[in-house]
Structure formats: C-alpha cells, structure tokens
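Hi,

Here is the structure I promised to pass on to you. Have a look at it first, and my notes on what turned up follow below.

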Amino acid sequence: MIKEIISILIAALLTENFVMVKFYGICPFLGVSKKVETAVGMGMAVTFVMAIASMFTWLVNHFLLERFGLEYLQTIAFILIIAGLVQFVEMFVKKSLPALYNALGIYLPLITTNCAVLGVTLLNVQNGYGFIMSFLYGTFAALGFTLAIVLMAGIREFLDENSVVRSFRGFPIALITAGLMAVAFMGFSGFSI
Amino acid sequence: MKEIIIPVLIVGGLGLLFGLLLAFASYIFAVKQDDRVEKISKVLPGANCGACGYAGCAAYAAAVVENGAPVNACSVGKAAVAEKVADIMGVKAEAAAERVAHVKCRGTCENTTAKYDYVGVQDCTALSKLAGGQKHCRNACLGFGTCTTVCAFDAISVHDGVASVNEELCTGCGACMGVCPHHVIELIPKSAKVRVNCSNIEKGQSANRHCKASCIGCRMCEKVCESDAIHVSDNVASIDYSKCTFCGKCSEKCPKKVISIKDNLSSDE
C-alpha cells in the first residue's frame, strides 16, 4: 500500500506531471504564472477542487453510474460535479480571501474547464483506483500542477528583471520557458518505483 | 424506456442536488455588495466601450461607488445618464462636457495628390506602413475608413478620401482616435465652434507643396488671437479650448483657410 502510494506520488509529481508531461491545464499555467503568490493561490484552489472532485466523482461513479451501467455518462456527470465545486470554491474565496479573488480573476471560474480536473477524474476511473487512491491521486496530481505553475512563476518573475530581446518579451519567452521546462521534466521519464 | 428515465433522473438529480447546495452556500458566503453598484450598472448604456477609462460599464459603476469616480464620466450616456448616476449617489451632476471626434485633415483627393497607386489591403494601418501612405502629406487622413469600422455608433464616414464625423451621432468615445495610424482624429468639446483642420507637421514650404489645404505654420492666427488660445507647435496650429472665446479672428486671418468656423452649432446649444 505504502509503496503504491509513493509510486503514485512520484508519478503525479514528476514522471507524469500533469502540466509538463501530460499537457493538461495549460491555460491557467500560462495565465496565472506571472507572480509566485497568485500561482500558489491558484495551485491551492486547483488542489482543493481536484481532491474533492476525485472523491465526489468516485462516489457518483461507483454508487450511481456503475450500478446502473451508465458509464457513458461519466464525462457529463463529472463536469457537473466539477462545475458545482468550482462555483463553491469561488464563493468561498470571494468571501474569505478577496485579495486572492481579485488576483485570480477570470482564471478562478475557468478551473471548471481546466482539463487537468476532468482528466484526473477520468484517469481515476481508467486506472481503477479505489476511493482513497482516487483522492490521493487527485491530490498528488494537483500538487504536481502546483509545482509546475509555481516553478514557472518563479522563472517568469526572474525573467521580468532581466533584459529579454524585445520581440521575445512577455508571452513568447514564457512559451519558450514552458517548452524548456517540459524537456527538463522528460528527464524524469522511466524513473519509477 | 428505463434506459432513458434512469440517466435523466440521475443527471437531473445531481444537478438539482448541486443547485440546492450552491443556493445554500451562496446564502452563507454572501458578500455584501453595495446595491448602488448594481443600480448604476443598470442605468449605464452597457456598451462597455471603455471611454470612461474603466474596463467596462460594471467596472465604472464599482469605481463610482467605491473610489469616488466622477458621476459624469460616461460620454456615451451623456447628461441623462450622469443625472441618474448622480441621483443614485446622492450628489448633484455637473453638466458633462460633451465631446466629439474631429478629423484634423482636409486632404481630399483634390487637395493632396497620390505619390503611388496603392493596391494592397484596404486598411489605413496597412497603408500607413507603406511609405506613410499614398498621399504626399505624411500626416493626412488615409481615407480607407479604419475608423468607420470601429465606430459603434455609425458616426464616421469617408467622403472624397477624408473621414468626416456626424456630430449628431458621435458620442465622443474616442475609439476612432485610437485606431487612426496617423492620429488625425482628436476629441474636442462639442461646443467648440472654431477648429483647426490640419495636422501636417512639415515646414511651411513642403506642407504647402504636399497639400493645398495644409497649415503652413505662419503664426498669423497666433498673432491675431486676443485670448492666447491658439498656438503653433510642430508647424501646425492647435487651439486651447479652455481659453478660446470663439471670436473667429484666426479663421479670418488664416491665409490657407485651415481654421474653420461652425455656424450651425449655435442653434444646437
């Protein structure tokens, strides 16, 4: 059990990082990675949504969809759950962390369509994970997302203080950075326990 | 039949469940928003043109309530909206200075000739990249009407190679001003009767050669002005409307008749 958990952890964080290897959740990865502070906030919001969504979707999938043989409804039912959760997170953040709410802006409701969230719930089903493993995989995958976005934000903050060739300033250099980071993460592939 | 009803019930039930939970959560996590923001949003035109300097009508409404932005900043809604907003805020509306776009060019096809035949994309910005446009004057209205495409109020049209503004329709949002590659459009008070119709910054001789209707920077207007309102800078006259008394002497004196007087405005006032 422990060995399995560690192997999922390493896979979700490094070898199969959701952003860098599977290329899920690129929109917030590029959109909210200008400052480390907001990137951490975004990572936390996504982690919350992905962890809770993994649990809820497992429950819905196991007790409703599979029982009635309705696996074909997975995508639509999962999106419904994710949308509801994101709406809830938005209300919560607006009420208790207004500064973070303003900083995340449009990217907060966009977690709904963040394919990392839908991806993790569908992968849970594909991999046949149980309730606890689904929750753990969702959490670890979200931590992998957080790792990637915070690293990216750190590099972009650093880039802001350096002189970049004029035509590469802003998004072009960010995209090149993202590409180089993805190449770096490929170095982890094949590494497993 | 069962294959249809059960999925419908499950997905519908889930939707209902989440809907109820969210309704409950929105009650608990309700953020108190000043209801004046919503009221102001309702009276604003909702065009989200950004002429007030905020990101949209909703952002402007929030700025009025929270940061004390001026109640008369909406140039689209003009005095009627300013009054309503002022009512909501409980302050008195000062008359909003109505502004209109004005094209500072009379370089029609007749006044300034073409230096080459242009057959490219029919767009001012594209044309301006090619040796500053096909007209000899490098500051002239290019006449392809890029400004007409951004005008949300159909207030600009191009006649004889020069854009002209229908001041009845113009709301002074300034969208055209932003897209004009030669910056020949400026916003001026609607009450401004005296207007300079040229933006050529060349020196007198070449300005004269390039366009029959160009300001040559002779400073005759500057000398005749009694209220120190008109000045020549960069070889083109410009009027400071906070000082101008609309006496019209500069217009009389101008040897190139670049300064015009709009008579019909007095009836509108």
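Let me begin with one residue in chain B. Ala207(B) sits in helix H8 of chain B, which covers residues 204–210. Please keep in mind throughout that this is a predicted model.

Is Ala207(B) buried or exposed? Its relative accessible area is 0%, and since the cut-off for buried is under 20%, Ala207(B) counts as buried. Leaving aside residues up to four places away in sequence, the neighbours that Ala207(B) touches are Asn200(B), Glu202(B), Ser214(B) and Cys215(B). There is also a C-alpha distance you may want to check in your viewer: Ala207(B) and Val236(B) are 9.8 Å apart in space, with their positions 29 residues apart in sequence.

Now to chain A. Its secondary structure consists of eight helices and zero strands, so to speak an α-α-α-α-α-α-α-α run from the N terminus on. Chain A has 193 residues, and 45% of them count as buried. If you take the contacts in chain A between residues at least 6 apart in sequence, 79% of them join residues at least 24 apart. The accessible surface of chain A is about 9600 Å², and carbon and sulfur atoms account for 70% of that.

The part you will probably want to look at next is where the two chains meet. On the chain A side 18 residues are in contact with chain B, and on the chain B side 14 residues take part. Together the chains bury about 1400 Å², with 91% of this area on carbon and sulfur atoms. Which three residues supply more of the area that chain A buries against chain B than any other three? They are Leu80(A), Met91(A) and Lys95(A), with 34% of that area.

Two elements of chain A give two or more residues to the side that touches chain B: helix H3 (36–65) and helix H4 (74–96). The largest share is that of H4(A), with 10 residues. Sorted by class, this side of chain A has 14 nonpolar residues, two polar ones and two charged ones.

What about polar pairings between the chains? The rule finds zero salt bridges across the interface of chain A and chain B. The count of residue pairs in polar contact between the two chains is zero as well, with both residues required to be at pLDDT 80 or more.

Happy browsing, and best wishes!

Notes. Residues are numbered from 1 along each chain as its sequence is written. Chains are lettered from A and ligands numbered from 1 in the order in which they are written. This is a predicted model: local features need pLDDT of at least 70, side-chain atom pairs count only at pLDDT 80 or more; totals for chains, interfaces and linings use all residues. Side-chain values use heavy atoms; hydrogens and water are left out. Contact means heavy atoms within 4.5 Å. Buried area is the accessible area (1.4 Å probe) that two parts lose on being put together, summed over both. A salt bridge is a side-chain nitrogen of Lys or Arg within 4 Å of a carboxyl oxygen of Asp or Glu. A polar contact is a pair of N or O atoms within 3.5 Å; within protein, one must be able to donate a hydrogen and the other to accept it, and residues adjacent in sequence count only if both atoms are side-chain atoms. Helices (H or I, at least four residues) and strands (E, at least two) are DSSP runs, numbered from the N terminus. Ala, Val, Leu, Ile, Met, Phe, Trp, Tyr, Cys and Pro count as nonpolar, Asp, Glu, Lys and Arg as charged, and the others, Gly among them, as polar. Buried means under 20% relative accessible area, exposed over 50%, partly exposed in between (1.4 Å probe, protein chains only). Accessible areas come from the Shrake-Rupley method with a 1.4 Å probe; for residues, only the protein chains shown count as cover.
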